[in-house]
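The exercises below are meant to be worked through with the coordinates open. Each begins with a task and is followed by a solution that proceeds in steps.

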Amino acid sequence: MKKFLTVGIALIAVLFVGLQIAKPKLVEKGFAKMVSQNLGVDRTVNLEDGLHVYICGAGSPLPDPKRSGPCIGVLAGNQAFVFDAGSGGSRNLGPMGFPTGRTEQIFLTHLHSDHLDGLGEMLLGTWINGNRSTPTPVSGPVGTTKVVDGFNAAYRIDSTYRTAHHGTDIANPSGFGATANEIDFTADSQLVLIDGDIKITAFKVNHEPVSPAFGYRIDYKDRSIAISGDTAYDPNVAEASKGVDVLFHEALNMDMVKTMQAGAENNGAKRMAKIMYDIRDYHTSPVDAAKTAEAAGAKALVLYHIVPMLPNDALIPMFVKGAADEFASKITVSEDGTIVRLPAGSDSILYDNGL
Ligand SMILES: [Zn+2]
Ligand SMILES: [Zn+2]
């Protein structure tokens, strides 16, 4: 018995030592395999024709480990667009399989910094990955020119290093940066792009004192979505989103933010408490977002620009409490990586996670 035990222990020891020796080799093989299966692979090639929506940033200015700053990639057929460029968003687009290098245009909903603080990084991606010979167009409300000029100035020195190091084939100076296109209209909504089967409409939302502030509706063949941008509960969102397949709406849970305000007050953090009070009047609760989706006749609702942070999924039922009473169809609380696919010529709405 003792002999068997000794042999057994010796065998385990040999196996353990063998594994330690083999482990780095396995990791090296795994790394090489992962690289060859992913790096530079165009993951849109086998996608069915349709409208594909990539939530690259589901969050707000509040830090949330599952949610970067606001960022939504839209692939309509083979045309790629990005709506808002919040911090961290562009880092998620590549891993999610979004063709950053093919981004035709970036649209800003409004000029709050959390919607554009990742713009420099995003433009570096559209330039270098896209082999561009002209700057990337950035469209947004009046003021967009100043923002774009600022980013171009901030990144110009870096761009000279890129060109010097990689050469003009990789970093063509004439493709660096962005050109601004200011969208200005007096009506409630305005068609801002029509190209083949895709149609993009900007519509006004109420995010006072941030004015103008837009949402966008995107129609591609027989499928459609709307993106609310940042807005208080506003009937114009439902009006502009009539009959869309999916409404992507910002959401702030008023009760949870009130609890944060009270907590900050208790801790003597008066400035924090004041901010928690202020932010409630220019955002929309999940319940009101659900009412908007119902009024629009949307087939599904995806919440993004989530406030407060929801680092644990156990908080989600509290966040959406009461929303299902207002909207009978599916409600999703998005996180970075959420992908919604709307194949053309079909009614289906497919959900995926790209991260
Ligand atoms: Zn915001
Ligand atoms: Zn805002």
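For the packing of a helix on strands, axes are lines fitted to C-alpha atoms, for helices over the stretch in contact, and angles between N-to-C directions run from 0 to 180 degrees. The model examined here is predicted.

**Exercise 1. Overall layout**

Describe the extent of the protein chain, its secondary structure and its division into domains.

Solution. Begin with the dimensions: along the principal axes, the C-alpha atoms of the protein chain fill a box of roughly 90 × 55 × 50 Å. Next, the secondary structure comes to nine helices and 15 strands. The chain is then divided into domain 1, residues 1-39, and domain 2, residues 50-353, and the centres of domain 1 and domain 2, taken over C-alpha atoms, are separated by 46 Å. Finally, 40% of the 355 residues count as buried, and among contacts with a separation of 6 or more, 66% are between residues 24 or more positions apart.

**Exercise 2. The seven-stranded sheet and helix H8**

Determine the strand order of the open sheet that contains E7 and E13, and establish how helix H8 lies across E11, E12 and E13.

Solution. The first step is the order, which reads E7-E8-E9-E10-E11-E12-E13, with mixed pairing. Strand E7 (189-195) and strand E13 (330-333) stand at the edges with a single partner strand each, so one side of each is left without a neighbour in the sheet. Neighbouring strands of this sheet are turned by 20° against each other on average, direction ignored.

The second step looks at one edge: E7 and strand E8 (residues 198-204) run antiparallel and are joined by six bridges, and Ile194 stands opposite Lys199 in E8.

The third step adds the helix. H8 (residues 286-296) lies across strand E11 (246-252), strand E12 (300-307) and E13, and runs at about 160° to E11. The buried residues of H8 are Pro286, Asp288, Ala289, Ala290, Thr292, Ala293 and Ala296, and their cover includes helix H5 (235-240), E11, E12, helix H9 (316-319) and E13. After H8 comes Gly297, with a positive phi near 75°.

**Exercise 3. Strand E1 and its partners**

Which strands pair with E1 in the antiparallel sense, and over how many bridges?

Solution. Take E14 as the starting point: E1 and E14 pair in the antiparallel sense over five bridges, with Tyr54 opposite Ile339 in E14. Turning to strand E2 (residues 71-76), E1 pairs with E2 in the antiparallel sense over six bridges, and Val74 in E2 is the bridge partner of Val53. As for burial, eight of the eight residues of E1 (residues 50-57) are buried, so E1 is largely enclosed by the rest of the structure.

From E14 the pairing can be followed onward, since E14 (residues 338-343) also pairs with strand E15 (residues 350-353), in the antiparallel sense and over four bridges. Tyr351 in E15 is the bridge partner of Val340. E14 and E15 form a hairpin with six residues between them, and Gly345 in the turn has a positive phi of about 70°.

**Exercise 4. The buried side of helix H3**

Compare the span of H3 with its expected value, and locate its buried residues around the axis.

Solution. Helix H3 (residues 119-130) has 12 residues and reaches 16 Å from its first C-alpha to its last, close to the 16 Å expected at 1.5 Å a residue. The residues buried in H3 are Leu119, Met122, Leu123, Thr126 and Trp127. Because these residues cover an arc of only 135° around the axis, they are on the same side of H3. Their cover includes strand E3 (79-83), helix H2 (89-93), strand E4 (103-107), strand E5 (136-140), helix H4 (144-166) and strand E6 (178-182).

**Exercise 5. Backbone exceptions**

Locate two cis peptide bonds, and decide whether Asp84 and Asn131 are buried or partly exposed.

Solution. Keep the background in mind: most residues other than glycine have a negative phi, and most peptide bonds are trans. A cis peptide bond joins Ser211 and Pro212, with omega about 0°, and Pro212 is found in the loop between E8 and strand E9 (214-220). The bond from Val307 to Pro308 is also cis, with omega near 5°, and Pro308 lies in the loop between E12 and H9.

Asp84, in the loop between E3 and H2, has a positive phi near 70°. It counts as buried because it has 30 C-beta neighbours inside 10 Å, where the cut-off is 20 or more. Asn131, in the loop between H3 and E5, has a positive phi near 50°. With 13 C-beta neighbours inside 10 Å, Asn131 counts as partly exposed.

Key
Residues are numbered from 1 along each chain as its sequence is written. Chains are lettered from A and ligands numbered from 1 in the order in which they are written. This is a predicted model: local features need pLDDT of at least 70, side-chain atom pairs count only at pLDDT 80 or more; totals for chains, interfaces and linings use all residues. Two strands pair if DSSP finds at least two bridges between them. Helices (H or I, at least four residues) and strands (E, at least two) are DSSP runs, numbered from the N terminus. The expected span of a helix is 1.5 Å times one less than its number of residues. A residue is buried if 20 or more other C-beta atoms lie within 10 Å of its own, exposed if 12 or fewer, and partly exposed in between; C-beta atoms are placed from the backbone. The arc is that of the directions from the helix axis to the C-beta atoms. Two residues are in contact if their C-beta atoms, placed from the backbone, lie within 7 Å. Domain bounds come from an automatic or database domain assignment.
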